[in-house]
Amino acid sequence: MKTADLRERPVWAKVLTDDGLEELLPAGEGVFAREDIRAGVTDDGAVFVEAVRPVRRVYLAWRQELDRDVRILGDHWERGYGDMEWRGIVPERVLPWYALVWDGSRTFCYGVRTNPAAFCSFRVERGLLILDADVRCGTEGVRLGGERLCAARLEQMVSAERPFAAARAFCARLCGDPLLPKEPVYGGNDWYAAYGRNSDALIMEHARWIADWADGSPNRPFMVVDDGWQCCHWGSGGYNGGPWRWANEKFPDGMDGLAGRMKELGVRPGIWFRPLLTVGEVPREWKLKEADGGSVLDPSREEVLELVAADMKRLKDWGFELVKHDFSTYDIFGRWGGWMGSELTDGGWQFARKDRTTAQIIRRLYETLRQSAGEISIIGCNTVGHLGAGLFDIQRCGDDTSGQEWERTRKMGVNTLAFRMPQQGTFFAADGDCVGLTTHVPWEKNRQWLRLLAASGTPLFVSAQKDALGPEQVRALREAFAAASRPLPPGEPLDWTYNSCPAKWLLNGEEVEFDW
């Protein structure tokens, strides 16, 4: 078997412009050109493109010859959707950000470093490894004006360790500057107990529970106020955006008053917001589109970034020590990550800044959130992990679990926790989402999900319904909080190479088998 070597010259290079797909011709070591376009790879692994015309994508291919029984794994564009797995050769399969090829004894790793200027993915054919660097601005070509764009920086590695150890080592190589929480993250979140029907009284009740369950733990837990607090929240399934300047009538003491009382109980207050959707009065030129009952703001505009920064700073000034920001990928692209594929988005549109790629614009949004948040913790939810690494200390690694149906938690929670575990502590703290502890979900299943999260070294959040709390549940929650409040090694899924819902795990040195 001959695997690809990214240090070698690509066997071909192509670009997609507004005029169509064009093949470039060799024009020097690692360089390909055609008319006004030059693209290729430098000696240090930088993928570049220069063009006067608008450019949409750059494709580079390396020769390889894979055995038929190899297993292949990639990442996801943003959160996982219960569909991550090791598979055989599927030429049309889009592998965002990195591709791992395991031949049964060695793992060959290919990827781009975090913070690229393009949405990068790989495709693995038996005879080719193909990189697709999507440098579009929205759905149109980015206008570089002849300037050189460093779209991404390539990395590769070969490891004889087991695939999980290889994946973690490679993720550490891809992200040289992760931002990690100073202490283990655990606590509560009201979403799966309330689904937006929260209130001051409910949050304070939950805060008392969380503080009690964490009694004796070495660091204090968080209690996150999720969607439903904002002034313009119109029921389940209705509008849930901004403005973010004040709370609704269910929080009569204001959010600053609530945060202060939560701290008095011994919990660290956290809060949710959706930064790019509003029904507030904004100039027409600030709007990217109309959707979901409001206006989606254009994050390429400095005025919009100033508004987002002011909102984040306000949440911090109210006393919140963690902010969970949500929906920005969906708001920009109009698609959830599980349905993006190679196209990412629909229609024909661009940002106001046509000389910046979508990846650059999103990274700038994330930088704005980080700078305005200061030292408080940030959870990115429905955000692009490869662009948020180094800026967000916590990242939701999968789509929503559930307080209504166990099958959703099993699919979205267990799968993505396992397959995103290589990013735990190498990119950020990988949040597998909540334990939706309600009367709708069997306790014998939730008990196992609680144990896995608590012992995996990842963040643990619990959404608890009062009617679902008995002596057995409270005892298990206290034990889980005691474990989750202390540093633990990342849990390892032992059967992940052949099971998309791993049941066998190595947790803090102990092999544990779950019945999902």
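Student: How many aromatic pairs does the structure hold?

Tutor: The structure, which is a predicted model, holds 27 aromatic pairs. Rings of Phe, Tyr and Trp (its six-membered ring) pair if their centres lie within 6.5 Å; planes under 30 degrees apart count as stacked, over 60 as edge-to-face and the rest as tilted.

Student: Why is the pair of F119 and F333 called edge-to-face?

Tutor: The ring centres of F119 and F333 are 5.6 Å apart and the planes stand at 80°, so the pair is edge-to-face. F119 belongs to strand β12 (residues 119–124) and F333 to helix α6 (residues 328–333), so the pair links distant parts of the chain, 214 residues apart. Helices (H or I, at least four residues) and strands (E, at least two) are DSSP runs, numbered from the N terminus.

Student: On what basis should the model be read, and how are residues numbered?

Tutor: Residues are numbered from 1 along each chain as its sequence is written, and side-chain values use heavy atoms, with hydrogens and water left out. As this is a predicted model, local features need pLDDT of at least 70 and side-chain atom pairs count only at pLDDT 80 or more, while totals for chains, interfaces and linings use all residues.

Student: What makes F119 and F333 count as buried or exposed?

Tutor: Buried means under 20% relative accessible area, exposed over 50%, and partly exposed in between (1.4 Å probe, protein chains only). F119 has 2% relative accessibility and therefore counts as buried. F333, with a relative accessible area of 3%, is buried as well.

Student: What does F119 touch?

Tutor: Contact means heavy atoms within 4.5 Å. Not counting residues up to four places away in sequence, F119 touches twelve residues listed by position, among them W77, W97, F333, L344 and I362. F119 is also one of the residues that touch the most other members of the largest nonpolar core, together with W229, M255, L460 and W516. That core has 156 residues, a nonpolar core being a set of buried Ala, Val, Leu, Ile, Met, Phe, Trp, Tyr and Cys residues joined through side-chain atoms within 4.5 Å. A second, separate core of 12 residues includes W191, Y192, Y195 and A429.

Student: How do you know that F327 and Y330 form an edge-to-face pair?

Tutor: The rings of F327 and Y330 are 6.5 Å apart, centre to centre, with 80° between the planes, and the pair is edge-to-face. Both F327 and Y330 are buried. They also belong to a cluster that ring pairs link together, including W229, W244 and W336.

Student: What makes R274 a charge over a ring?

Tutor: A charge sits over a ring if NZ of Lys or CZ of Arg is within 6 Å of the ring centre and within 35 degrees of the ring normal. The charged end of R274 sits over the ring of F327, 3.9 Å from its centre. Likewise, the charged end of K14 sits over the ring of W12, 4.4 Å from the ring centre.

Student: How is the packing of helices α3 and α11 described?

Tutor: Two packed helices are described by the angle between their axes and the distance between the axes. The axes of α3 (residues 200–213) and α11 (residues 471–484) come within 9 Å and cross at roughly 65°. Axes are lines fitted to C-alpha atoms, for helices over the stretch in contact, and angles run from 0 to 180 degrees between N-to-C directions. I210, D212 and W213 of α3 make the contact with V474, L477, R478 and F481 of α11.

Student: Why is E405 called partly exposed?

Tutor: E405 has a relative accessible area of 44%, so E405 is partly exposed. Its place is in the loop between β23 (394–396) and α9 (406–420).

Student: What makes the phi of N115 notable?

Tutor: The phi of N115 is near 70°, a positive value in a residue other than glycine. N115 lies in the loop between β11 (107–112) and β12, and at 38% relative accessibility N115 counts as partly exposed.
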